[in-house]
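Let's walk through this structure together, one step at a time. Have a look before you read on.

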Amino acid sequence: SETAPTKIRITLPTHGEYTLENITVTQLDLSGYEAQTDKLAKEHLENVVISDNLITGNITVSENKLMCISLPFSPGWRAYVDGKEVEIQQTDIAFMGIELEAGAHEIRLEYFTPYLAFGILVSLAGWSIFIVWFILDRFQNKKKQQKEGSK
């Protein structure tokens, strides 16, 4: 709204009795909002290539900044700026961000499923145990059948 409202109507989803002990109404000044978003849009990731578990692109920033990435934060992601691994920060509660120094940068994001190698190792161990047990069980059953057949 361009001006402060004099009345506010609150519509609740169901009928009933409600009590409001304290309510505050805040109006944000959005003048300059378009200029700010236009300024932010000028410095964005370009030449983006997305493939299986990999995102690459280039960005040029005018000053040190935090590049926010609208992907869910996960410990499986690794970020590289100009070939050097950098820390990924959790931003806006659920997303990722990486700090950039002023200048041109090549960005590389790689994803590896957390604990995948451990899961494969446990699965292989389980299958190995099962196969050994299966072979031993068949061998013992054959011996038992041979003994019963010779009686």
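How much area does the chain expose, and what share of it do carbon and sulfur atoms supply? The chain exposes about 13,300 Å², and carbon and sulfur atoms supply 56% of that (areas by the Shrake-Rupley method with a 1.4 Å probe). Keep in mind that this is a predicted model: local features need pLDDT of at least 70, side-chain atom pairs count only at pLDDT 80 or more, and totals for chains, interfaces and linings use all residues. Residues are numbered from 1 along each chain as its sequence is written, and side-chain values use heavy atoms, leaving out hydrogens and water.

Now for the layout. Along the sequence you meet the pattern α-β-β-β-β-β-β-β-β-α, that is, two helices and eight strands (DSSP runs: helices are H or I with at least four residues, strands E with at least two). The radius of gyration, taken over C-alpha atoms, is 30 Å, well over the 15 Å that the globule rule (2.2 Å times the number of residues to the power 0.38) gives for 151 residues, so the chain is more spread out than a compact globule. Its C-alpha atoms fill a box of roughly 105 × 60 × 20 Å along the principal axes.

Next, zoom in on some rings. Trp127, Phe130, Trp133 and Phe134 are linked into a cluster by ring pairs (centres within 6.5 Å). Phe130 and Trp133 sit three residues apart in helix α2 (residues 116–150), so about one helical turn separates them.

Notes: Phe/Tyr/Trp six-rings, centres within 6.5 Å; stacked < 30°, edge-to-face > 60°.
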